[in-house]
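Welcome! Take a moment to look over the sequence and turn the model around before you read on. Here is a short guided tour for you.

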Amino acid sequence: PPSPPIISSPHSPTSLSPQTVPPPLFSIFIVLTIISSLLFLFLSFSQTFFYYHPLLMILSFNFFMPLGVFFQRMYRAHYTHFVCLIASWLCCATGFLAIWMNKNMQNKSHIATWHSWFGVAVFLYFCFQICAATWFLYPRWYKQSSLEIRQQHRSGGRILLSLAWIASFLGWYKVKPVREAIPLVRWVYMAWVLVWGYLLIVQGGKRVLKKMA
């Protein structure tokens with residue numbers, strides 16, 4: 001007899017049927033993320049070793065991490081989410097190494113600005129988050145993990161992404177071409193911050209209140 005069709009579970013890493021329709025603000029946020037990233041990379045482009053630092057950090061926090069969040073949120077694709085976040089961490093670690101080596105080559109002091117302090121905090125917190133997620137939420141064990149751990153992971157991810165973007169802004173405004181184009185950058189970035197703040201605080205707050213009710 002013919003074998004029965006394989007029905008993909010909503011929690012299966014191979015399930016690619018959307019779980020929800022992307023909210024308009026979420027879609028706008030992704031577009032603003034891409035625009036601001038490309039804008040900064042274009043304005044700050046240089047054939048120097050330093051350029052690897054912003055390039056890798058943008059790939060980490062403005063590409064791989066939002067992409068991982070998208071697949072987890074829309075498709076519950078845990079393995080895809082896991083791979084995207086590992087790629088994000090590798091870019092972050094390599095970008096951190098690049099700026100460390102660049103400062104050594106120029107005999108400059110380390111961790112001397114607000115950008116660098118936030119950057120170190122983000123990197124260390126990312127290391128903790130990726131280790132904890134791998135241990136407690138590896139896709140193979142996801143169904144067995146407690147709801148509380150998953151909620152803490154989601155909250156920790158939002159905090160990590162928010163801190164990373166604060167660190168990015170503190171670094172972006174110091175780059176001369178970006179600073180000279182500040183009217184355009186300011187409007188794009190402010191729109192980005194407002195949308196992210198709404199998604200993080202208002203939408204997140206609604207979900208928390210709904211669970212408490």
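The notes below go from the whole chain down to single residues.

Please keep in mind that this is a predicted model. The protein is built from seven helices and zero strands, so its secondary structure reads α-α-α-α-α-α-α along the sequence. Confidence varies along the chain: the mean pLDDT is 77, and 67% of the residues reach at least 70.

**The whole chain**

- The protein has 213 residues, and 35% of them count as buried.
- Among contacts with a separation of 6 or more, 75% join residues 24 or more positions apart.
- About 13200 Å² of the protein is exposed, and 74% of that area comes from carbon and sulfur atoms.

**How sure is the prediction?**

- Which helix has the highest mean pLDDT, and which the lowest? Helix H3 has the highest, at 94, while helix H6 (residues 176-180) has the lowest, at 63.
- Over residues 1-15 the pLDDT stays under 50. For this stretch the model has 17 contacts beyond four places in sequence.

**Helix H4**

- Helix H4 covers residues 114-137, which makes 24 residues. At 1.5 Å a residue it should span 34 Å, and its end C-alpha atoms are 33 Å apart, so the expected and modelled values agree.
- The buried residues of H4 include Val 120, Phe 123, Phe 126, Ile 130 and Leu 137. Ser 116 and Gln 129 are also among them.
- What do the buried residues of H4 pack against? Their partners are helix H2 (52-75), helix H3 (78-105) and helix H5 (147-172).

**Helix H5**

- Helix H5 has 26 residues, and at 1.5 Å a residue these should span 38 Å. Its end C-alpha atoms lie 37 Å apart, which agrees with that expectation.
- Among the buried residues of H5 are Arg 150, Leu 160, Leu 161, Trp 165 and Trp 172. Gly 156 and Gly 171 belong to this buried set too.

**Aromatic rings**

- How many aromatic pairs does the structure hold? There are six.
- One of these pairs is formed by Phe 61 and Phe 126, whose ring centres are 5.7 Å apart. With 45 degrees between the planes, the pair is tilted.
- This pair links distant parts of the chain: Phe 61 sits in helix H2 and Phe 126 in helix H4, 65 residues apart. Both Phe 61 and Phe 126 are buried.
- Tyr 125 and Phe 128 make a stacked pair, because their ring centres are 6.3 Å apart and their planes meet at 15 degrees.
- Why are Tyr 125 and Phe 128 separated by about one helical turn? They are three residues apart in helix H4. An α-helix has 3.6 residues a turn, so residues three or four places apart point the same way.
- Tyr 125 counts as partly exposed, at 22% relative accessibility, whereas Phe 128 counts as exposed, at 52%.
- Phe 96, Trp 100 and Phe 123 come together in one aromatic cluster.

**Cysteines**

- The structure holds zero disulfides. A disulfide would need two cysteine sulfur atoms within 2.5 Å.
- For Cys 91, the closest cysteine sulfur is in Cys 92, and it is 8.8 Å away, so that is too far for a bond.
- For Cys 92, the closest cysteine sulfur is in Cys 127, at 7.1 Å, which is again too far for a bond.
- Are Cys 91 and Cys 92 buried or exposed? Cys 91 counts as buried because its relative accessibility is 12%. Cys 92 also counts as buried, at 1% relative accessibility.

**The loop between H3 and H4**

- Asn 107 lies in the loop between H3 and H4. Its phi is positive, about 55 degrees, although Asn 107 is not a glycine.
- With a relative accessible area of 72%, Asn 107 is exposed.
- Ile 111 lies in the loop between H3 and H4 as well. Ile 111 also has a positive phi, near 50 degrees, in a residue other than glycine.
- The relative accessible area of Ile 111 is 32%, so this residue is partly exposed.

How values were computed
Residues are numbered from 1 along each chain as its sequence is written. This is a predicted model: local features need pLDDT of at least 70, side-chain atom pairs count only at pLDDT 80 or more; totals for chains, interfaces and linings use all residues. Side-chain values use heavy atoms; hydrogens and water are left out. Helices (H or I, at least four residues) and strands (E, at least two) are DSSP runs, numbered from the N terminus. The expected span of a helix is 1.5 Å times one less than its number of residues. Buried means under 20% relative accessible area, exposed over 50%, partly exposed in between (1.4 Å probe, protein chains only). Contact means heavy atoms within 4.5 Å. Rings of Phe, Tyr and Trp (its six-membered ring) pair if their centres lie within 6.5 Å; planes under 30 degrees apart count as stacked, over 60 as edge-to-face and the rest as tilted. Accessible areas come from the Shrake-Rupley method with a 1.4 Å probe; for residues, only the protein chains shown count as cover. pLDDT is the predictor's confidence in each residue, from 0 to 100.
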